[in-house]
Amino acid sequence: MKIIDLSKPIQYNASDPWFMKVKIKRKPHHKSRLLIRLLGLPLKLFPKQFSGWADDTIQKMGVHATTHIDAPWHYAPTCAGQPAKTIDQVPLDWCYGPGLVIDMKHKADFDPITIADIESFLNREQLSVQPGMIVLIKTGRDQFNGTKDFHKKGTGMSAEATRWLIEKGIKVMGIDQWGWDLPLPYLIQKAKETGNAELFWEAHLVGRDLEYCHMEQLVNLDALPYSGFDIAVFPLKIVGASAAPARVVAMMREKTV
C-alpha cells in the first residue's frame, strides 16, 4: 500500500506571521546525562557508549498553526442549539474514509468556490460526492507555504458550497491553503468597504447550524488522483480544544485484477 503524506512539517519558519510561528527547543543527548545522575544512576553504571537521550520541547505552537483539523467548537460555542464538539469529542469514525479531490486550482485569488464550480468539476470528471467521504479542495496555494504571504493568498469556500457538501453527508473536508474561507486580510478589507456584516468568515460560520470539521494547510494534493484512495486524519486528543494538529495521510487502494 502506498501512503502519501498530506501534512506540512512542524518547524520554526521565520517568514510565518506571529500567529503561526512554531518554536521548538532541542535538548541534545549529552544534556540528559546530568539528569540521569540526579535521578540516582551513578556514572559508572551508565551503559557503555551511552551518550544520553535526546529530547525536545514545543515551546510555542497554536493548534491552528500547522496542518490541522478544526472542531465545531472553533466556529461557535453551539451548533444547532447544542454545545459544539471540541476536538477531543469529534468521533474518530469521521476521521477515516474514502477520499475525493475537487480540483479548484483554476480559481483566482479572492474568487470564492461555488456550488456551480464543484458540480461542474464533478460532472466533467464523472465523479460524485457520497456520504462519509473526506473531501479535499485542491487550490494549489500550498506552494506559498512558508512564505510571508501564505495567509494573504487563495480562493476559498463559499458558505453555500460548504453547506452543500455537509448536506451531501460530508463530515470532514479540507483545503490546501491557509484557511477555509477567502483569505482573512481580504475578508476584513471587504467587510469594511461594503459594511456587510455577513461577509466575514461566512463558510466557517455554516458550522453554527450544521455540524462539520474542516482541515486547513494541507499539502501535496497534486500527488493524489481525484478518487480511489482513503484518508486518515486523526487529531491530537487535546481536551477542550478548538482544533488539533493532525498527520493527514492518503492510502492508495491496491488495484484488483
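This briefing covers the overall make-up, one enclosed strand, a charged surface patch and the salt bridges of the protein.

The model is predicted. Five helices and 12 strands make up the secondary structure of the protein. The C-alpha trace spans about 70 × 55 × 35 Å along its principal axes. The protein has 257 residues, and 44% of them count as buried.

**Strand S11 and its partners**

- Strand S11 covers residues 229–235, and six of its seven residues are buried, so the strand is largely enclosed by the rest of the structure.
- Strand S7 (residues 96–103) runs antiparallel to S11 and is joined to it by three bridges.
- Within that pairing, Tyr96 has Ala232 of S11 as its bridge partner.
- Strand S12 (residues 243–252) also runs antiparallel to S11, and seven bridges join the two.
- Opposite Phe229 stands Met252 of S12.

**Positive patch on the surface**

- A patch of positive charge on the surface gathers Lys23, Lys25, Lys27, Lys31 and Lys60.
- Strand S2 (residues 23–27) supplies three residues, the largest share of the patch.
- Lys60 lies in strand S3 (residues 55–60).
- The relative accessible area of Lys60 is 39%, so this residue counts as partly exposed; the class lies between the buried limit of under 20% and the exposed limit of over 50%.

**Salt bridges**

- The whole structure holds 15 salt bridges.
- Arg124 and Glu125 form one salt bridge, with their closest N and O atoms 3.6 Å apart.
- Of this pair, Arg124 counts as exposed because its relative accessibility is 53%, whereas Glu125 is partly exposed at 32%.
- Asp149 takes part in a salt bridge with Lys148, at 3.8 Å from N to O.
- Asp149 also meets Lys152 in a salt bridge, at 3.8 Å from N to O.
- Asp149 itself is partly exposed, with a relative accessible area of 24%.
- Its partner Lys148 is exposed, at a relative accessible area of 57%, while Lys152 is partly exposed at 40%.
- Elsewhere, Asp103, Lys105, Lys138 and Asp222 are joined into one network by salt bridges that share partners.

Methods: Residues are numbered from 1 along each chain as its sequence is written. This is a predicted model: local features need pLDDT of at least 70, side-chain atom pairs count only at pLDDT 80 or more; totals for chains, interfaces and linings use all residues. Side-chain values use heavy atoms; hydrogens and water are left out. Buried means under 20% relative accessible area, exposed over 50%, partly exposed in between (1.4 Å probe, protein chains only). Helices (H or I, at least four residues) and strands (E, at least two) are DSSP runs, numbered from the N terminus. Two strands pair if DSSP finds at least two bridges between them. Patches are made of residues with over 30% relative accessible area and no salt bridge: like charges are joined within 9 Å, nonpolar side chains (Val, Leu, Ile, Met, Phe, Trp, Tyr) within 5 Å. Accessible areas come from the Shrake-Rupley method with a 1.4 Å probe; for residues, only the protein chains shown count as cover. A salt bridge is a side-chain nitrogen of Lys or Arg within 4 Å of a carboxyl oxygen of Asp or Glu. Lys and Arg count as positive and Asp and Glu as negative; His and the chain ends are not counted. The place of a charge is taken as NZ of Lys, CZ of Arg, CG of Asp or CD of Glu.
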